[in-house]
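Reader: I have a few questions about this model. Can we take them one at a time?

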Protein chains: 2
Amino acid sequence: MGIMARRAATAVTSADVARLAGVSRATVSFVLNNTQAHRVSEATRTKVLAAADTLGYVPHAAARSLRAGRNNLVLIPAAVSAIGRLVSGWIDDLHTELERYGYTAVLHAGRFTDPGTAARAWAELRPGAVLALDGTSLGAAGAEVLRRAGVRALMAFAPQPAEGVYTVLFDDRRVGVLAAEHLVARGRRRLGVVMPRERGLSAFAEPRLAGARSVAARTTATVTPLEMEYTHASAAELASGWAEHGLDGAFAYNDEYAALLLHVLRDAGIDVPGEVAVVGCDDLVTAALQRPALTTIRLDVPSAAQVAAALHDLIETGTAAPLPAVEPVLVRRESA
Amino acid sequence: MGIMARRAATAVTSADVARLAGVSRATVSFVLNNTQAHRVSEATRTKVLAAADTLGYVPHAAARSLRAGRNNLVLIPAAVSAIGRLVSGWIDDLHTELERYGYTAVLHAGRFTDPGTAARAWAELRPGAVLALDGTSLGAAGAEVLRRAGVRALMAFAPQPAEGVYTVLFDDRRVGVLAAEHLVARGRRRLGVVMPRERGLSAFAEPRLAGARSVAARTTATVTPLEMEYTHASAAELASGWAEHGLDGAFAYNDEYAALLLHVLRDAGIDVPGEVAVVGCDDLVTAALQRPALTTIRLDVPSAAQVAAALHDLIETGTAAPLPAVEPVLVRRESA
């Protein structure tokens with residue numbers, strides 16, 4: 001590793017390129033950033049490019065963005081664990097679509113105490129766009145910080161529009177409402193709602209719980225939050241205490257937590273759906289393959305191609321045609 | 001969205017701060033970047049900070065890094081879909097550990113034709129560190145590009161060390177060897193190896209296949225690659241053609257693909273492990289809960305805390321104590 005320490009001292013700057021090419025640092029900047037406002041002769045241009053090539057100098061995305069006011073990054077704030085199988089496939093498709101326009105997606109895993117601090121941290125990277133998936137991380141105040149930093153496109157999946165943020169309407173409360181309404185319609189009255197302990201998920205889980213509670217408030221049903229980690233031990237603990245709770249229905253946050261819950265309930269000798277009806281969310285590939293096959297909620301999200309096109313329009317023109325809201329749809333199978 | 005277009009025109013620059021504070025742009029830069037080399041009076045400092053606050057000016061991470069030669073980002077090149085449940089939990093822990101040192105992890109989803117192009121794209125963000133998980137994306141040539149751009153810490157999980165890259169030894173071939181050796185020891189001779197079609201996975205799947213083939217080369221076993229998408233349709237197609245293949249053992253790439261394969265084999269009336277023995281990889285929470293319980297390979301990876309500490313040492317001092325190699329360990333259950 002001694003090699004690395006020595007090499008780090010030889011980091012190449014535009015000053016080195018200027019020296020080798022025998023031009024000013026400003027000229028190097030004009031050439032490498034393709035600044036149209038300044039005329040540089042073809043001979044000088046060639047000299048600068050050759051020097052940059054010889055030294056292995058990489059232009060600086062953010063230095064370019066200081067002039068252009070943006071760069072080609074689409075920043076997606078997200079903890080990795082918050083990205084389930086459903087979202088990960090969609091984000092992959094989004095990368096592919098964004099690449100068509102010359103953008104690159106980066107996931108920013110910073111965890112912040114408030115939206116203002118978060119927005120300042122994202123703004124420091126001067127992305128061309130910020131896409132918030134969770135509905136709470138990008139509010140009007142954060143949007144203002146990002147706009148002042150020159151970020152041109154702000155998009156959020158959120159239950160209501162925020163000023164200056166292009167919003168795809170998506171209300172996680174609706175997911176909780178749909179799950180609870182189905183359980184109540186199936187005759188269940190003592191409902192549990194799984195609340196994952198994993199980082200980054202409460203922004204989705206809390207409104208789902210609130211939705212279930214709103215159903216309880218207008219029926220004779222009760223709602224009990226069930227804290228659970230995505231581990232066998234935590235799920236098994238939940239199942240072993242099931243008789244105490246006496247719950248006859250469960251909304252398991254999503255299909256992954258539902259699959260784990262089905263396993264531990266079976267191991268505990270509790271019949272699904274006989275004793276407990278279980279509803280998941282996401283309609284993953286594996287949902288139909290569970291035994292019993294999992295009743296779940298499918299989320300009809302705008303396609304990655306539609307979202308990429310809207311982001312591109314926002315970056316280029318500041319405006320984009322509205323996208324349809326995300327619609328949760330119940331997929332009824334055997335587990336509830 | 002008309003609002004956004006108007007606001008974007010008001011992006012605040014350090015020139016605006018300089019104008020409001022009545023100082024030069026250089027002075028603004030000295031104050032906001034805490035440059036110690038230049039003396040600025042406390043009164044001037046206060047004026048600049050007040051002006052920046054009034055205008056909502058966010059200092060520019062990369063502009064700072066132009067001077068400091070690095071910033072606080074740890075860049076992890078990764079397609080989101082390549083991050084399975086195992087890796088996602090580990091990366092989350094890594095974020096938490098990196099935050100203790102003041103670093104933020106960003107996942108860069110760019111897809112590149114060659115390592116040099118990739119390294120240049122990463123270098124444009126001037127991260128403090130690059131951590132490559134896949135063993136092929138960060139070679140000696142890419143490392144040179146990144147070092148010249150001032151990136152101080154280069155770490156890779158790879159089967160052999162590359163010059164200037166701090167390497168945690170991890171050979172995916174070993175995973176394929178271990179799976180195939182176990183299947184052969186269980187009397188299987190016609191082995192299938194699942195090759196996921198999903199983006200970003202071939203860097204892991206190819207060496208696993210090569211490992212299985214090396215076992216076949218020194219036994220009477222044969223190895224057939226089985227292309228599969230992580231969809232019910234693709235898995236079911238594979239299962240429906242099983243009689244043709246006549247395979248009696250399968251290494252299913254990882255536990256997620258293995259779970260899908262177990263489901264479709266059961267639906268096709270093919271007994272596991274009677275007719276086909278199945279081995280997964282990762283020892284996920286759900287592996288022990290499959291029916292039959294999944295035989296798999298556990299990967300003993302250095303802890304996120306160890307890796308974060310090594311990255312910090314590399315960034316600060318250019319060197320770090322070596323970490324133990326990743327060891328694959330067979331976990332024998334019922335499926336093989």
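Reader: In which loop does Pro273(B) lie?
Author: The model is predicted. A cis peptide bond joins Val272(B) to Pro273(B), with omega about 5 degrees. Helix α13 (255-267) and strand β9 (277-279) of chain B flank this proline. Pro273(B) therefore sits, given that helices and strands are DSSP runs, in the loop between α13 and β9 of chain B.

Reader: Which residue does a cis peptide bond join to Arg291(A)?
Author: Look in the loop between β9 (277-279) and β10 (296-300) of chain A. The proline there follows a bond with omega of about -5 degrees. The partner of Arg291(A) is Pro292(A).

Reader: Is Arg126(A) buried or exposed?
Author: Arg126(A) is in the loop between α7 (115-123) and β3 (129-132) of chain A. Its phi is positive, near 45 degrees, though the residue is not glycine. Relative accessibility is 7%, and under 20% means buried, so Arg126(A) counts as buried.

Reader: What is the phi of Tyr253(A)?
Author: Tyr253(A) lies in the loop between β8 (249-251) and α13 of chain A. At 6% relative accessibility, Tyr253(A) counts as buried. Phi takes a positive value in this residue, which is other than glycine: near 75 degrees.

Reader: Which residue has a side-chain oxygen that reaches the backbone nitrogen of Glu256(A)?
Author: The contact is at the start of α13(A). The two atoms are within 2.9 Å. The oxygen belongs to Asn254(A).

Reader: How far apart are the end C-alpha atoms of helix α13 of chain A?
Author: The helix covers residues 255-267, which is 13 residues. At 1.5 Å a residue, the expected span is 18 Å, because the rule multiplies by one less than the number of residues. The model agrees with this, with end C-alpha atoms 18 Å apart.

Reader: How many residues of α13(A) are buried?
Author: The helix is mostly covered. Its buried residues include Asp255(A), Tyr257(A), Leu261(A) and His263(A). Of the 13 residues, the buried ones number 11.

Reader: Which residue with positive phi follows α13(A)?
Author: Phi there is near 75 degrees. The residue is a glycine, Gly269(A).

Reader: Which strands stand at the edges of the sheet?
Author: The open sheet has 10 strands with mixed pairing, in the order β5(A)-β4(A)-β3(A)-β1(A)-β2(A)-β2(B)-β1(B)-β3(B)-β4(B)-β5(B). Each edge strand has a single partner, so one side of it is left without a neighbour in the sheet. Neighbouring strands are turned by 20 degrees against each other on average, direction ignored. The edge strands are β5 (166-169) of chain A and β5 (166-169) of chain B.

Reader: How many bridges join β2 of chain A to β2 of chain B?
Author: Both strands cover residues 104-108, and they run antiparallel. Within them, His108(A) stands opposite Val106(B). The bridges number three.

Reader: Which helix of chain B lies across β1, β3, β4 and β5 of that chain?
Author: The helix covers residues 304-317. It runs at about 140 degrees to β4(B). It is α14 of chain B.

Reader: What percentage of the residues in chain A is buried?
Author: Chain A has 14 helices and 11 strands. Its accessible surface comes to about 13300 Å², with 52% belonging to carbon and sulfur atoms. Among the 336 residues of chain A, the buried share is 56%.

Technical notes: Residues numbered from 1 in each chain as written. Chains lettered and ligands numbered in written order. Predicted model: local features only at pLDDT ≥ 70, side-chain atom pairs only at ≥ 80, totals over all residues. Heavy atoms only, no water. Pairing = 2+ DSSP bridges. Helix = DSSP H or I, 4+ residues; strand = E, 2+ residues; numbered from the N terminus. Axes fitted to C-alpha atoms, helices over the stretch in contact; angles between N-to-C directions. Contact = heavy atoms within 4.5 Å. Buried < 20%, exposed > 50% of the residue type's maximum accessible area, 1.4 Å probe, protein only. Polar contact = N/O pair within 3.5 Å; in protein donor to acceptor, adjacent residues only side chain to side chain. Areas by Shrake-Rupley, 256 points an atom, 1.4 Å probe, with all protein chains shown as cover.
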